[in-house]
Each structure stands twice: as structure tokens, then as C-alpha cells.
Amino acid sequence: MSHCCLIPFDRREGISVEAAAEIAGKSVRTLRLWCEQHQIGRRVGGGPWVVSRPALEMLLNDDYSALSTYLAGDRESQAVIGYFERVGLRHLPAKWSRHAAAIAATATYP
């Protein structure tokens, strides 16, 4: 599966591995492993790991269906939006949806 964690990127969605470890009650090392194993984060621009706050919540709640939907790039399903709402980021999926619609409306095809 191709993974779309933190794509589109908005710094408000991402948290540090240290912050994620604190939320999860786990070690930083465990969170780095989760980023690799469960694809809940990515190294933006080759820098340090950034963890998706909604994806972390999905993993902590064993909601693999929502996580799979999120990783497939779906930011419009209610299951995914619910996690964005839970972490106080409800506006982000709506913003991305409007942006994608605007791009599609202005796209020209040969």
C-alpha cells in the first residue's frame, strides 16, 4: 500500500516523536518503530520524524480500518474526519477538499 501520511502536509497535523511518545505513554524508540511499522509518521524533507496526531489516535484506538483509509489518502470519510475532530483539527480536511476542488476546476487538459 502506498502511504499518504501527512500528505498533504500541514505542520498543524504533525507532532514530534517526543510529544507522540508522551501521549502514547511509550518510549521515543517505540514511536519511531511505529512510524516505520504502522506508517503513522514520516520524515518530512529528510528531517526528523513527524507523527500525524490523528493517525496516532487511530493506532492507539486499534482503529485499523480508519488508519488504512487515512493512509490511502482519504481525508473525507467520516471515520477519518472523526479523528481530526478529536484532536482539534476538523478544519484541515475541509481546507484540503476545497483546495483539491479548486485545482481540479482550473486544470486544463491537452
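Tutor: Let's begin with a term: helices and strands are DSSP runs, at least four residues for a helix and at least two for a strand, numbered from the N terminus. Keep in mind that this is a predicted model.

Student: Okay, how many helices and strands does the protein chain have?

Tutor: Six helices and three strands. Going along the sequence, the order is β-α-α-β-β-α-α-α-α.

Student: And what share of the residues counts as buried?

Tutor: Buried means under 20% relative accessible area. Here, 38% of the 110 residues of the protein chain fall in that group. As for the surface, the chain exposes about 6,300 Å², with carbon and sulfur atoms supplying 52% of it.

Student: How do I read the two sides of a helix?

Tutor: Here's the general idea: an α-helix has 3.6 residues a turn, so residues three or four places apart point the same way. Now try helix α2, residues 28–38, where Leu31, Trp34 and Cys35 are buried. They sit on the same side of α2 because they cover an arc of only 105 degrees around the axis.

Student: Which residues of α2 are exposed on the other side?

Tutor: Arg29, Glu36 and Gln37.

Student: What do the buried residues of α2 pack against?

Tutor: Two helices and two strands are on the list: α1 (17–24) and α3 (53–60), plus β2 (41–43) and β3 (49–52). Have a look just past the end of α2 too, where glutamine 39 takes a positive phi of about 60 degrees.

Student: Next up, salt bridges. How many are there in the whole structure?

Tutor: The general idea is a side-chain nitrogen of Lys or Arg within 4 Å of a carboxyl oxygen of Asp or Glu. A search of the whole structure turns up three.

Student: Which residue does aspartate 10 pair with?

Tutor: Arginine 12, with the closest N and O atoms 2.6 Å apart. Aspartate 10 is buried, at 7% relative accessible area, whereas arginine 12 is partly exposed at 42%.

Student: Where is the salt bridge between arginine 53 and glutamate 57?

Tutor: In helix α3, where those two are four residues apart, so about one helical turn separates them. Their side chains meet at 2.5 Å, N to O. Glutamate 57 is buried, with a relative accessible area of 12%.

Student: What about arginine 90, which residue is its partner?

Tutor: Glutamate 85, and the closest N and O atoms are 2.9 Å apart. Arginine 90 is partly exposed, with a relative accessible area of 38%. Glutamate 85 counts as partly exposed too, at 38% relative accessibility.

How values were computed:
Residues are numbered from 1 along each chain as its sequence is written. This is a predicted model: local features need pLDDT of at least 70, side-chain atom pairs count only at pLDDT 80 or more; totals for chains, interfaces and linings use all residues. Side-chain values use heavy atoms; hydrogens and water are left out. Buried means under 20% relative accessible area, exposed over 50%, partly exposed in between (1.4 Å probe, protein chains only). Accessible areas come from the Shrake-Rupley method with a 1.4 Å probe; for residues, only the protein chains shown count as cover. The arc is that of the directions from the helix axis to the C-beta atoms. Contact means heavy atoms within 4.5 Å.
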